[in-house]
Amino acid sequence: MKIGIIGAGHLGKALIAGLTQSGMKQEQIILNARSKETLEAQKQKYPGMEITTDKKELAAKADIIVLVVKAQNAGEVLAEIGETDLNGKTIISLMAGVTLDDMRKMLKNTGSEYRLARMMPTVGISICKGVIGVSWENGQTISEEVMDLFRPLGYLIPLPEEKLESITITAASGLAFTATLMKAYRDSCTRLTGDTAISEAITLRVFENVIETVRNGDTTFEQLIEQICTKGGTTEAGMRILENSDLNEILNQTLDTAYARVSGLKGK
Ligand SMILES: NC(=O)c1ccc[n+]([C@@H]2O[C@H](COP(=O)([O-])OP(=O)(O)OC[C@H]3O[C@@H](n4cnc5c(N)ncnc54)[C@H](OP(=O)(O)O)[C@@H]3O)[C@@H](O)[C@H]2O)c1
């Protein structure tokens, strides 16, 4: 099984890192990007990997073609690979805002029988701890062999396509939103500790403790809050401020605005 990757930016690099970590041989990967510099930098890192400036060569050699370019480059890239024989191949887009329908139109390939899918991953796939939403065309399935390549990269969630962008926002953009929340917590801690490094270490440990406690199934977020908020105690006093704040409303607006933006990208 050979995988052809088009694009080696933030996400393309994360994908190569995850696939090679999860046991794929470098020789199974063929990479294309816009510039020779990008290709040569990746070749230095993964000497066994094949690189090419020719998308048609990539499309001819690969069983699975993965698109990791920006939505605005989708048309040119798909038109080019659409000129090759795509019979039996699976084409997977990791692009936000380009639908399966758009992809079929951009491929303009009427003669070949191929499968199309979309995956929406987080960069956590680079350490095999990503979240990956996956959708495919109605009436088609993705072979287990293909799914098995991506399963080790993280939490794979099959979803209808109309729900896929919810993963873009909650998980992919969610990393930046959560980093912003954690940064705000670190900065507030610094006002009390007077030391940014100590506050950063505390922030990481506090978030980690909450994650581990809830993930282990020992407790829910709600139960954890109740356990720590002793009646009339210090936590309860602080919690009153949080509970009376617009935190949920701010988060709703953040996610809704990002969602409207990604929905607006469709078809462009
Ligand atoms: N970053 C994320 O966390 C994330 C998460 C989920 C989905 N996505 C999606 O992943 C896609 C890529 O995002 P990114 O952040 O990795 O972007 P990026 O860092 O800007 O990388 C884009 C890559 O595409 C290559 N490229 C551009 N035009 C090309 C062409 N005509 N032929 C071949 N390669 C071409 C570029 O090549 P050069 O390096 O040679 O210029 C570059 O390697 C986007 O559609 C985005 O919606 C990203």
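Domain bounds here come from an automatic or database domain assignment. For this protein chain, in what is a predicted model, that assignment gives domain 1, covering 3-159, and domain 2, covering 169-265. Taken over C-alpha atoms, the centres of domain 1 and domain 2 sit 34 Å apart. Their contact draws on seven residues from domain 1 and five from domain 2. On the domain 1 side, the residues that touch domain 2 break down into five nonpolar, two polar and no charged ones.

Now to the ligand. A shell of 26 residues surrounds it, and the closest of them are Gly7, Gly9, Ser35, Met95 and Ala96. Three elements give two or more residues each to that shell: helix H1 (10-21), helix H4 (74-81) and strand S6 (115-121). H1 supplies the largest share, with three residues. Sorted by class, the shell holds 15 nonpolar, eight polar and three charged residues.

H1 is worth a look of its own. This helix has 12 residues and reaches 17 Å from its first C-alpha to its last, close to the 16 Å expected at 1.5 Å a residue. Which of its residues are buried? They are Leu11, Gly12, Ala14, Leu15, Ile16, Gly18 and Leu19. An α-helix has 3.6 residues a turn, so residues three or four places apart point the same way. The buried residues of H1 pack against quite a list of partners: strands S1 (3-6), S2 (29-32), S4 (64-67), S6 and S7 (130-136), along with helix H2 (36-45). Just after H1, look for Gly23, which takes a positive phi of about 110°.

From there, step into the largest nonpolar core, which has 53 residues. Those touching the most other members are Ile5, Ile6, Leu15, Ile65, Val66, Leu67 and Val68. H1 turns up again here, giving the most to this core with five residues. For a close-up, try Ile6: leaving aside residues up to four places away in sequence, Ile6 touches Asn32, Lys55, Leu58, Ile65, Val66, Leu67, Val68, Val69 and Val77.

Finally, hop over to helix H11 (residues 247-265), where you'll find Leu251. Is Leu251 buried or exposed? Leu251 has 12 other C-beta atoms within 10 Å, so it counts as exposed, given that the cut-off for exposed is 12 or fewer. As for where that puts Leu251 relative to Glu76, the two are 175 residues apart along the chain, and 36 Å separate their C-alpha atoms.

How values were computed
Residues numbered from 1 in each chain as written. Predicted model: local features only at pLDDT ≥ 70, side-chain atom pairs only at ≥ 80, totals over all residues. Near = placed C-beta within 6 Å. Helix = DSSP H or I, 4+ residues; strand = E, 2+ residues; numbered from the N terminus. Nonpolar A, V, L, I, M, F, W, Y, C, P; charged D, E, K, R; others polar. Expected span 1.5 Å × (residues − 1). Buried ≥ 20, exposed ≤ 12 C-beta atoms within 10 Å, placed from the backbone. Contact = placed C-beta atoms within 7 Å. Core = buried A, V, L, I, M, F, W, Y, C linked by C-beta atoms within 7 Å.
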